[in-house]
Amino acid sequence: MAVTMTEAAAKHVRRQLNGRGRGIGIRLGVKTSGCSGMAYVLEFVDEILEEDLMFESHGEQLFIDPKSLGYLDGTELDFVREGLNEGFQFNNPNVASECGCGESFNV
């Protein structure tokens, strides 16, 4: 089981942590939400939780709780810029369908 970040995502995480002035990585999880059932949740990590699973990509740490890992296994977190828009993109092989706005998904 693994979750990875592209080099672009890792660089963005590092810039955000540096700008924030603290933090050891980011936590990726899922929650029940949206019109398709599940939504991604990202937050800064200042302290590792006992249940956290840690993955490292391009020198940056990504933490995931065990319950979310079942929905995220094999996911690649990318950071993309398209015109004036930029943001994280989740390349998740477990997704069966997504809502029209891309904010939620179903497995």
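This report describes selected features of a predicted model, from its strand pairing to its side-chain pairs and individual residues.

## Strand pairing

Strand β2 covers residues 25-33 and strand β3 covers residues 37-45. The two strands run antiparallel and are joined by 9 bridges. One residue pair in this arrangement is G25 with V45, the latter being the bridge partner in β3.

Strand β2 is also joined to β5, which spans residues 60-64. Here the strands run parallel, and the number of bridges is 2. Within this pairing, I26 has L62 of β5 as its bridge partner. In a regular strand, side chains alternate between the two faces of the sheet.

## Salt bridges

Side chains of opposite charge can pair when their charged atoms come close. In this model the count of salt bridges is 7. One of them joins E60 and R14, with a distance of 2.8 Å from N to O. Because E60 belongs to strand β5 and R14 to helix α1 (residues 7-20), this salt bridge ties together parts that are 46 residues apart in sequence. The partners differ in their surroundings: E60 is buried, at 7% relative accessibility, whereas R14 is partly exposed, at 31%.

A salt bridge also forms between E43 and R27, whose closest N and O atoms are 3.0 Å apart. The pair links distant parts of the chain, since E43 is in strand β3 and R27 in strand β2, with their positions 16 residues apart in sequence. E43 is partly exposed, with a relative accessibility of 39%, while R27 has a value of 12% and counts as buried.

R81 and E86 supply a further example, their side chains meeting in a salt bridge of 2.7 Å from N to O. R81 is exposed, at 57% relative accessibility. In addition, R20, R22 and D46 are linked in a network of salt bridges.

## Aromatic pairs

The whole structure contains 2 aromatic pairs. In one of them, the ring centres of Y40 and F90 are 3.9 Å apart and the ring planes stand at 10°, so the pair is stacked. Y40 lies in strand β3 and F90 in strand β7 (residues 85-91), so the stacked rings tie together parts of the chain that are 50 residues apart in sequence. Y40 is buried, with a relative accessibility of 17%, and F90 is partly exposed, with 21%.

F79 and F88 form an edge-to-face pair, with 5.5 Å from centre to centre and 75° between the planes. F79 is buried, its relative accessible area being 8%. F88, at 27% relative accessibility, is partly exposed.

## The surroundings of T75

T75 is located in the loop between α2 (66-72) and β6 (76-82). Its relative accessibility is 0%, which means that T75 counts as buried.

Polar atoms accompany this buried position. A polar atom of the T75 side chain lies 2.7 Å from the backbone oxygen of L72. The side chain of T75 also makes a polar contact of 3.3 Å with the side chain of N92. When neighbours within four places in sequence are set aside, the residues in contact with T75 are A2, V3, T4, N91, N92 and P93.

## Backbone geometry at H58

Most residues other than glycine have a negative phi. H58 has a positive phi of about 50°, although it is not a glycine. This residue is found in the loop between β4 (53-57) and β5. H58 is exposed, with a relative accessibility of 51%.

## The position of A8

A8 lies in helix α1 and is partly exposed, with a relative accessible area of 35%. Apart from neighbours within four places in sequence, A8 is in contact with D78 and F79. The second of these contacts, F79, is also the buried member of the edge-to-face aromatic pair with F88.

A8 and A96 are 88 residues apart along the chain, and their C-alpha atoms are separated by 26 Å.

Methods: Residues are numbered from 1 along each chain as its sequence is written. This is a predicted model: local features need pLDDT of at least 70, side-chain atom pairs count only at pLDDT 80 or more; totals for chains, interfaces and linings use all residues. Side-chain values use heavy atoms; hydrogens and water are left out. A salt bridge is a side-chain nitrogen of Lys or Arg within 4 Å of a carboxyl oxygen of Asp or Glu. Helices (H or I, at least four residues) and strands (E, at least two) are DSSP runs, numbered from the N terminus. Buried means under 20% relative accessible area, exposed over 50%, partly exposed in between (1.4 Å probe, protein chains only). A polar contact is a pair of N or O atoms within 3.5 Å; within protein, one must be able to donate a hydrogen and the other to accept it, and residues adjacent in sequence count only if both atoms are side-chain atoms. Contact means heavy atoms within 4.5 Å. Two strands pair if DSSP finds at least two bridges between them. Rings of Phe, Tyr and Trp (its six-membered ring) pair if their centres lie within 6.5 Å; planes under 30 degrees apart count as stacked, over 60 as edge-to-face and the rest as tilted.
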